[in-house]
Amino acid sequence: MDFKKSAVYQIYPKSFCDSNGDGLGDLKGVTGKLDYLKELGVDYIWMTPFFVSPQNDNGYDVEDYYNIDPRYGTMEDFEELSREAAKRGIRLMLDMVFNHTSDRHEWFQKALSGDPKYKNFYIFKKGKDNGEPPTNWESKFGGNAWKYVEKFDEYYLHLFDVSQPDLNWDNPEVRQELQKVIRFWMGKGVKGFRFDVVNLISKDRYEDDYEGDGRRFYTDGPRIHEYLQELNAATFGTDAEIITVGEMSSTSMENCYRYASEDGRELSMVFSFHHLKVDFVGNEKWVIVPYDFQKLKHILFDWQTHMAEHHAWNAVFWCNHDQPRVVSRFGDEGRYWKESAKMLGTVIHCLRGTPYIYQGEELGMTNAHFDQISQYKDVESLNHFRILQEKGLPESAVYEILKIHSRDNSRTPMQWDGGKYAGFSDAEPWISVNPNHVRINAESEMQDDDSIFRYYQKLIRLRKDYDVVAYGDLEPLDEKHPSVMAYRRTWKDQELLVISNFYGKEVIWDAGRGLNGYTRLLGNYEDSRLNGTKAELRPYETVVLYRQS
Ligand code: NOJ
């Protein structure tokens, strides 16, 4: 399966479908929905972690890499899912969380008991003479990134939650253990791996950061390429059918040229996040500022053109389980809900790179708008509910920020139908269902030829039917336009024009060239108004034009 022609669908199992009525999604629930995914047309399913875990970070705190958390089912359930998916031509991509484990992992428990072999699996350091932690680095979830262990009079590093100690990749035994994990799942027929925050595994100098939160000392570190090449050669690199994607936190493009180079020595592709920080202030996400459309275009185009020039491959996406819903973020979840959801989907699916769809995105699911702290479940959101108030923000202001940025916005149950719990479960779900499921749900969208679901089907198809969508180079058009994002893709004798209005006001866009010889492949209005060199774009209108010379 050519991953450049494929689409990946991300499943957050906890919120996808509950088969046994305990309010938590599970593997059997996923199996039961494979026909739906087949109908959508996706090629891979990326499953976020379902391994044994105390679930402090919803499975990104792994206690046992070899077994399924009973909350999600059994190994038989996994094998059944894998078999049934294969029957439908769908492959599974598993999520490997290798920067850290859970503090309940056997290795960390042995480390805490004082076993030197296992202490060296993690990063323990002495504090400063003045009693402060070894460095002033901040945890990604808030607070200092070091936890004191009295017994050793030492601290361990946790770039994420205190219950997620970082592994010491400089120790070859750690690397060998992690290779075994990959080989185990390869043995189960898994054909895809996503590597969680994998560009943080090579730590550099353990020094105070006076310019930032410490990330420059552990991001894209000095041995990162060596470690990825080693992992590749020892595991998935031996099977040409396997695809891989690395989640690259605060990465640089220069490093991504190597991570995702077509020479295949490291990974197939990368997730980078710079385009999703356009509604932050610097790296600070707990603020409310309008998103910067010019910056969004500039970053996307920059990555598109430079990665292509360096023969490297992007994963392209708006949504995942860590991001708010895109229609609420860059679209209009009210009046132009349908138009803007389709427009945003078009922009991503016509880029150069493998597109990822996050569950419910294909239905236009929106942010949760939770306004009670009991509704929030995410460790990062709960920490910041406290931290922001400690900084002096009134509670009401904190809620406004969480409603925009909390990761729980995308973690509400999948909206299958308009019933009590949205068809997700018979019991009360672990996290509240979005009340708009009565209107936004799979059942109704599958009956409607004009739905967002039906439109996503077409987007996925487009990449398979037109080589230019999969392989073409990209050239930005009229880059500085205040409300339109437009680009041209070219491949051999094929050309594609993608023109999108990101705002709720009509605009006349001048292409500077004739628009008449093109066929309209797709659009989110019944027709397209093209006249000579001009495109008249209605609110959130998008159009995909094609010609072959
Ligand atoms: C990135 C994952 O996507 C996120 O959900 C998780 O909290 C962190 N990595 C830590 O594993």
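These are my notebook entries on the domains, the ligand site and the salt bridges of this structure.

**Entry 1: the model and its domains**
I started with a reminder to myself that this is a predicted model. I then looked up the domain assignment, which splits the protein into three parts. Domain 1 comes in two stretches, 8-99 and 172-458. Domain 2 covers 106-157, and domain 3 runs over 470-548. I also checked how far apart domain 1 and domain 2 sit, and found 29 Å between their C-alpha centres.

**Entry 2: where domain 1 meets domain 2**
Next I asked how many residues of each domain are in contact. I found 26 on the side of domain 1 and 19 on the side of domain 2. Together the two domains bury about 1800 Å², and 60% of that lies on carbon and sulfur atoms. I wanted to know which residues of domain 1 lose the most area to domain 2. They are Y206, D208 and D213, and together they account for 30% of what the domain 1 side buries.

**Entry 3: polar links across that interface**
I went on to the charged and polar pairs. Between domain 1 and domain 2 I noted 2 salt bridges and 8 residue pairs in polar contact. Helix 6 (172-187) and helix 12 (379-390) are the elements that each give two or more residues to the side of domain 1 touching domain 2. Helix 12 gives the most, with 5 residues. I sorted that side of domain 1 by class as well, and got 13 charged, 9 nonpolar and 4 polar residues.
I looked up D208 again, since I had met the name in the previous entry. D208 pairs with K128 in a salt bridge, and their closest N and O atoms are 2.7 Å apart.

**Entry 4: around the ligand**
Which residues come nearest to the ligand? My list reads D57, H100, D196, H321 and D322, out of 13 residues around the ligand. For three of these I looked up a distance from a polar side-chain atom to a ligand oxygen atom:
- H100 has such an atom at 2.9 Å.
- D196 has one at 2.7 Å.
- D322 has one at 2.5 Å.

**Entry 5: salt bridges overall**
I finished with the whole structure, which holds 55 salt bridges. One I looked at joins the side chains of D239 and K191, with N to O at 2.7 Å. This pair links distant parts of the chain, 48 residues apart. D239 sits in the loop between helix 7 (224-234) and strand 10 (243-247), while K191 belongs to the loop between helix 6 and strand 9 (192-195).

Definitions and conventions: Residues numbered from 1 in each chain as written. Predicted model: local features only at pLDDT ≥ 70, side-chain atom pairs only at ≥ 80, totals over all residues. Heavy atoms only, no water. Domains from an automatic or database assignment. Contact = heavy atoms within 4.5 Å. Buried area = accessible area lost by both parts, 1.4 Å probe. Salt bridge = Lys/Arg side-chain N within 4 Å of Asp/Glu carboxyl O. Polar contact = N/O pair within 3.5 Å; in protein donor to acceptor, adjacent residues only side chain to side chain. Helix = DSSP H or I, 4+ residues; strand = E, 2+ residues; numbered from the N terminus. Nonpolar A, V, L, I, M, F, W, Y, C, P; charged D, E, K, R; others polar. Near = heavy atom within 4 Å.
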